[in-house]
Amino acid sequence: MTTPTPTCGIVGTGDFSCGLDATLRIISGKWKPLILFFLRDGPKRYSELKRLISGVSNKVLIQQLKDLEADRMLVRTDYKEVPPRVDYALAPLGRSLAEAIVPLCTWGTEHMTEMASIVAKRDTLA
C-alpha cells in the first residue's frame, strides 16, 4: 500500500513548480534561514546578527540582508543618527516564513547528534 504524496500547493504558479520551490527560492543561501529565525524575537542591529550567526562574513551577511529586504521578508530601519544606527525586523511576510522555519529548528535540535555524525563522515569523504 502506498502513502499518498502530500501536495505542495498549486503546481505551475508563476515560475515555481510548487509552494516549496517558491519558499526555497526566497531562503536560498546558507544564512537566510538563520537571519529570519533570529529576527523572530524582534529587531536586531547588524552587529547583533553578526554575533548570532557564527561563520558568516560581513560581505555575505550584508548581501543576504539586502536580498531579504528586496524580497519583502524584512524591513531595514535607518534612524539617521550619528553614529549611524540601523536595525532589521521581520516584515509580515517574513514573520510567517520565520514561523515556518521553527519546526526545522526543532527537528535539527532533536537530531543534532546524528546530523553531526553524518556531516563529519561526509566531510572526511570530500
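User: Before we look at helix α4, what does "buried" mean here?

Analyst: A residue is called buried when its relative accessible area is under 20%, and exposed when that area is over 50%, with partly exposed in between. The model is a predicted one, and in it the buried residues of α4 are Leu61, Gln64, Leu65 and Leu68.

User: How do you know that these residues are on the same side of α4?

Analyst: They cover an arc of only 105° around the axis, and therefore they lie on the same side of α4. The face turned away from that buried side carries the exposed residues Lys59, Lys66 and Ala70, while the elements that cover the buried residues include α1 (19-27), α2 (32-38), α3 (46-52), β2 and β3.

User: Why is Cys18 called buried, and what is Cys105 called?

Analyst: Cys18 has a relative accessibility of 17%, and because buried means under 20%, Cys18 meets that cut-off. Cys105, with a relative accessible area of 33%, falls between the cut-offs of 20% and 50% and is therefore partly exposed. As for disulfides, the structure holds 0 of them.

User: What makes the sheet an open one, and which strands stand at its edges?

Analyst: The 3 strands are arranged in the order β1-β3-β2 with antiparallel pairing, forming an open sheet. The edges are taken by β1 (44-45) and β2 (74-78), each of which has a single partner strand, so one side of each is left without a neighbour in the sheet.

User: How many bridges join β2 to β3?

Analyst: There are 5 bridges between β2 and the antiparallel strand β3 (residues 86-90), and Thr77 stands opposite Asp87 in β3.

Key:
Residues are numbered from 1 along each chain as its sequence is written. This is a predicted model: local features need pLDDT of at least 70, side-chain atom pairs count only at pLDDT 80 or more; totals for chains, interfaces and linings use all residues. Side-chain values use heavy atoms; hydrogens and water are left out. A disulfide is a pair of cysteine sulfur atoms within 2.5 Å. Buried means under 20% relative accessible area, exposed over 50%, partly exposed in between (1.4 Å probe, protein chains only). Two strands pair if DSSP finds at least two bridges between them. Helices (H or I, at least four residues) and strands (E, at least two) are DSSP runs, numbered from the N terminus. The arc is that of the directions from the helix axis to the C-beta atoms. Contact means heavy atoms within 4.5 Å.
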